[in-house]
Amino acid sequence: MDVRLLEATDDPEELICRAARNDYMSEFVADQTFPETMAEIDGETTREKQETLISHLLDHGHFGPFEHPHATFAIEGVSRSCMAQLTRHRHVSFDVQSMRYVSFDHVDPDAVREGELVVFPPSATDPDWVGRNQKTGQVDEETVEKREEIFADTVADAVESYQELLELGMPPEDARFVLPIGTKVNIVMTMNARMLMHVADMRAAADAQWEIRGMTEDVLDLAAEWCPITFEHYEEHMRNRKNRLSP
Ligand SMILES: Cc1cc2nc3c(=O)[nH]c(=O)nc-3n(C[C@H](O)[C@H](O)[C@H](O)COP(=O)(O)OP(=O)(O)OC[C@H]3O[C@@H](n4cnc5c(N)ncnc54)[C@H](O)[C@@H]3O)c2cc1C
C-alpha cells in the first residue's frame, strides 16, 4: 500500500481561521489582512493566535470552519474489501480504478502467489496474528504455512481462470466476477478536514480492520504535515474520546 498527498488547499489553517472569524466580526473578512482578522485572538505571534483559535473551535465542537480546506490523496494497492469500507463515507469524493477498462491479463499467476495483484492479509502468513474477534490467534508454523498455501493457490487459480475467460472472449467487466475481494485497487479520494477527522475516528480506531486502519494512519500522517495545528490537537485531545458522532 502506498498513500500520498496529491493536492491540498494551500494554507488550510489560515482559511479555517478566516472562516471562523467571519462568524464573530462586523467587518467583511475579505476586506481584511489575516493579521487584522486575528487581532483580537490571544497569542504573541500569528501561529500562537491560530493555535488558540483552532483549539477553541475543536474543543467547543465548532466544526464548520474545518469543512473549507480540502485534501486529495492517492492510494495504491488496497483490497476491494478495504475500498468497500472506505467508500461508505458519503462526504468523501472518490475515483476508483476500473476493472472494466483495466484488465489483468498480463499478470503472472506465480507473481500473484508472491502478493502481486491480490492483498495477502497478515493472518495468512503470521503465526502470531490475532484477529479482531479472536481471543488468541496463535498457531504453529505448520498451520500458518498451510493457510498461506491455500490462500496463495486460491487467489492464483482465480487470476488464472480470469485470464482464461478473457482469452475465451469474455468482456473484462464480466470476467472480473471471478476475481477475489482482495484484488488490489488504486483510489483517489478528496475530503475536507472535518471529514478527515471523522474518517479517522471510525477507521483508525482499534475495532477497524487492519488494512483500512493502516491506510488511515498514513492519511493522518500526511494530514499532520498539511494541517499541523488541527491534527496535532486532534491526536492529543480528540482521537480517543468516547461517544463521538462526527467528526
Ligand atoms: C468497525 C466498523 C464496523 C462496521 N461494520 C459494518 C457492518 O457490518 N455493516 C455495515 O453496513 N456497515 C458497517 N460499518 C460502516 C458504518 O456503519 C458506516 O456506514 C460507515 O462507517 C460510514 O460512516 P458514517 O455512518 O459516520 O457516515 P458518513 O457517510 O461518513 O457520514 C458522516 C456523518 O454524516 C452524518 N450523516 C451522513 N449521512 C447521513 C444520513 N443519511 N442521515 C443522518 N446523518 C447522516 C452522520 O453524522 C455521519 O456520521 C462499520 C464501520 C466500522 C468502523
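**Group meeting: a four-strand sheet and a ligand site**

Hi everyone, let me start with one pair of residues: S79 sits across from K184 of strand 4. Before I go on, please keep in mind that this is a predicted model.

So where does that pair belong? Strand 2, residues 70-79, and strand 4, residues 184-192, run antiparallel to each other and are joined over 8 bridges. Further along, F73 is placed opposite M189 in strand 4. Helix 8, residues 193-203, packs on the sheet and touches both strand 2 and strand 4. If you compare directions, helix 8 makes about 125 degrees with strand 4.

Now to the other neighbour of strand 4. How many bridges join strand 3 to strand 4? There are 4 bridges, and these two strands are again antiparallel. Here S93 stands across from T190 in strand 4.

Let's put the strands together. The sheet is open, has 4 strands in the order 1-2-4-3, and pairs in the antiparallel sense. Which strands stand at the edges? They are strand 1, residues 2-8, and strand 3, residues 93-96. Each of them has a single partner strand, so one side of each is left without a neighbour in the sheet. From one strand to the next, the twist averages 20 degrees. As a general reminder while you look at the strands, side chains in a regular strand alternate between the two faces of the sheet.

On to the ligand. There are 12 residues around the ligand, and those that come nearest are R88, H89, R90, H198 and R203. By type, the shell divides into 5 charged, 4 polar and 3 nonpolar residues.

Which distances do we get for the side chains? For H198, a side-chain N or O atom is 2.6 Å from an oxygen atom of the ligand. R203 has a polar side-chain atom 3.0 Å from a ligand oxygen. For H91, the distance between a side-chain N or O atom and an oxygen of the ligand is 3.4 Å. And how much of the ligand does the protein bury? Taken alone, the ligand exposes 930 Å², and 52% of that is buried by the protein.

Thanks for listening, everyone!

Technical notes:
Residues are numbered from 1 along each chain as its sequence is written. This is a predicted model: local features need pLDDT of at least 70, side-chain atom pairs count only at pLDDT 80 or more; totals for chains, interfaces and linings use all residues. Side-chain values use heavy atoms; hydrogens and water are left out. A residue is near a molecule or strand if one of its heavy atoms lies within 4 Å of it. A polar contact is a pair of N or O atoms within 3.5 Å; within protein, one must be able to donate a hydrogen and the other to accept it, and residues adjacent in sequence count only if both atoms are side-chain atoms. Accessible areas come from the Shrake-Rupley method with a 1.4 Å probe; for residues, only the protein chains shown count as cover. Ala, Val, Leu, Ile, Met, Phe, Trp, Tyr, Cys and Pro count as nonpolar, Asp, Glu, Lys and Arg as charged, and the others, Gly among them, as polar. Two strands pair if DSSP finds at least two bridges between them. Axes are lines fitted to C-alpha atoms, for helices over the stretch in contact, and angles run from 0 to 180 degrees between N-to-C directions. Contact means heavy atoms within 4.5 Å.
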